[in-house]
Amino acid sequence: MNTDLGDYRKSYEKQELLEKNLSENPLEVFQKWFHEVDTNFDVGETNAMTLSTIGLDGFPKSRVVLLKKFTYEGFIFYTNYESEKGKAIANNPNVCISFFWPEAERQVIIKGKAEKIAENLSDGYFESRPRGSQLGALVSNQSQTLESREELENRLKTLEEDFKGKEIPRPDFWGGFIVKPVEIEFWQGRPNRLHDRIRYKLNESYDWIQDRLSP
């Protein structure tokens, strides 16, 4: 196989990113960008983000998960704590999450530390999920091998019968993580590959320091 993608090119010309238009707090910039993309562009899932962890095997691994909440404290998503990513975070909480919104020619890269959120917060979100998603959390031994698709579907049928007419409790192996940022970079595509890159980093006094990076 020899596939040459050298002619794949796009000129980024929609917007610009200038310091004079930015807040001193990158979480406010993120909120503004997220709202603009969600409101003005046809993006399938604006909250889809790539989560990168360092696995127990020493290799980095990235996968797409869904952002479910963001605050001044950080970015929250939910998962199986016993999954590959859950174990990776337990072993090394340093993670990276990133958003790429090609329709807006924007990217956000966030370095931070992940930690479990309070159990009552995970309970509240689990209760808000559709019943099928609640059962799915119980059915799947995430990241473990399966003999067949039928094995998974049979587990679901069994649990549907077991919980018929009953509330489904949140399993203790499932819940939320919050990524508390230490660095956030905003990338805006510009012509001639001279992209705008603005980075915010926390200093020792927990103040955000802003820099412009070369593209």
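Select helix 3 and begin with the side on which Asn120, Glu127 and Ser128 are exposed (over 50% relative accessible area, with a 1.4 Å probe and protein chains only). The helix itself is a DSSP run (H or I, at least four residues; strands are E, at least two), and elements are numbered from the N terminus. The model is predicted: local features need pLDDT of at least 70, side-chain atom pairs count only at pLDDT 80 or more, and totals for chains, interfaces and linings use all residues. Residues are numbered from 1 along each chain as its sequence is written, and side-chain values use heavy atoms, with hydrogens and water left out.

**The other face of helix 3**

Next, within residues 119-128, colour Ser122, Tyr125 and Phe126, which are buried (under 20% relative accessible area). Viewed down the axis of helix 3, the buried residues fall within an arc of 100° (taken from the directions from the helix axis to the C-beta atoms), so they line one face of the helix. Add strand 4 (75-80), helix 4 (131-139) and strand 7 to the selection, as these are among the elements that cover the buried residues of helix 3.

**Helix 4**

Move on to helix 4, where Gln134, Leu135, Ala137 and Val139 are buried. Show helix 3, helix 5 (149-162) and strand 7 around them: the buried residues of helix 4 pack against these elements.

**The nonpolar cores**

Now display the largest nonpolar core, which has 31 residues. Such a core is a set of buried Ala, Val, Leu, Ile, Met, Phe, Trp, Tyr and Cys residues joined through side-chain atoms within 4.5 Å. The members touching the most other members are Phe30, Phe75, Phe77, Phe99, Trp101, Val108 and Phe186. Two or more residues each come from helix 1 (26-40), strand 1 (48-54), strand 4, strand 5 (94-101), strand 6 (106-116), strand 7 and strand 8. Helix 1 gives the most to this core, with six residues.

Centre the view on Val108. Leaving aside residues up to four places away in sequence, Val108 is in contact (heavy atoms within 4.5 Å) with Phe30, Trp33, Ile97, Ser98, Phe99, Trp101, Ile184, Glu185 and Phe186. Apart from the largest core lies another, of 13 residues, including Tyr78, Phe126, Leu159 and Trp174.

**Two loops**

Select Arg193, in the loop between strand 7 (174-188) and strand 8 (196-202). Arg193 is not a glycine, yet its phi is positive, at about 65°. Arg193 is partly exposed (between the 20% and 50% limits), with a relative accessible area of 41%. Then go to Tyr206, in the loop between strand 8 and strand 9 (208-213). Tyr206 also has a positive phi, near 65°, in a residue other than glycine, and it is exposed, with a relative accessible area of 67%.

**The whole chain**

Finally, zoom out. The chain has five helices and nine strands, in the order α-β-β-β-β-α-β-β-α-α-α-β-β-β along the sequence. Its C-alpha atoms fill a box of roughly 60 × 50 × 40 Å along the principal axes. Of the 215 residues, 37% count as buried. Among contacts with a separation of 6 or more, 64% join residues 24 or more positions apart.
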